[in-house]
Amino acid sequence: MDKSKQLFLKSKRSFRRRLPPIQSGDRISYRNMSLISRFISEQGKILSRRVNRLTLKQQRLITMAIKQARILSLLPFLNNEKQFERTELTDRTTGLRTRIKRAYS
């Protein structure tokens, strides 16, 4: 076979088709936290459509449901674990600074 024809032949590799993340019976609602939490990253960001493997309509509905849940405080706007660690560190360092200032004054 010519090399030019080999480029256009499809490889016969088998692949396993992934299951869709949202089944036909699932309701996309701000109350369905088990469904919504699958489409949020660890930082609390909404994952992209490519990562989620959703259709455009499903992604829009998921985004609206996440935003409604955030407004109703069912979901945090961002994950606060890192923020708490930072505040603890800043408290310690500010306390140390004030102790040093008191020692010199």
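## Serine 29, the nonpolar core and arginine 70

Leaving aside residues up to four places away in sequence, serine 29 touches Ile36 and Ala65, where contact means heavy atoms within 4.5 Å. This is a predicted model, in which local features need pLDDT of at least 70 and side-chain atom pairs count only at pLDDT 80 or more, while totals for chains, interfaces and linings use all residues. Residues are numbered from 1 along each chain as its sequence is written, and side-chain values use heavy atoms, with hydrogens and water left out.

Serine 29 lies in the loop between α1 (3-6) and α2 (33-36); helices (H or I, at least four residues) and strands (E, at least two) are DSSP runs, numbered from the N terminus. The C-alpha atoms of serine 29 and isoleucine 66 are 8.5 Å apart in space, although the two are 37 residues apart in sequence. The chain has five helices and zero strands, and among its contacts between residues at least 6 apart in sequence, 50% join residues at least 24 apart.

Two loop residues can be set side by side, with buried meaning under 20% relative accessible area, exposed over 50%, and partly exposed in between (1.4 Å probe, protein chains only).

| Residue | Loop | Relative accessible area |
|---|---|---|
| Serine 29 | between α1 (3-6) and α2 (33-36) | 23%, partly exposed |
| Phenylalanine 77 | between α4 (56-71) and α5 (81-104) | 54%, exposed |

Of the 105 residues of the chain, 16% count as buried. The largest nonpolar core (a set of buried Ala, Val, Leu, Ile, Met, Phe, Trp, Tyr and Cys residues joined through side-chain atoms within 4.5 Å) has 11 residues, including Ile36, Ala65, Ile66, Ala69 and Leu75. The elements that give two or more residues to this core are α2 and α4, and the largest share, four residues, comes from α4. Alanine 69 touches Tyr30, Leu74 and Leu75, not counting residues up to four places away in sequence.

Arginine 70 lies in helix α4. With the same exclusion of residues up to four places away in sequence, arginine 70 touches Gly44, Lys45, Ile46, Leu75, Pro76 and Phe77. Arginine 70 is buried yet has no salt bridge, and glutamate 42, the nearest side chain of opposite charge, is 14 Å away. A salt bridge here is a side-chain nitrogen of Lys or Arg within 4 Å of a carboxyl oxygen of Asp or Glu; Lys and Arg count as positive and Asp and Glu as negative, whereas His and the chain ends are not counted.
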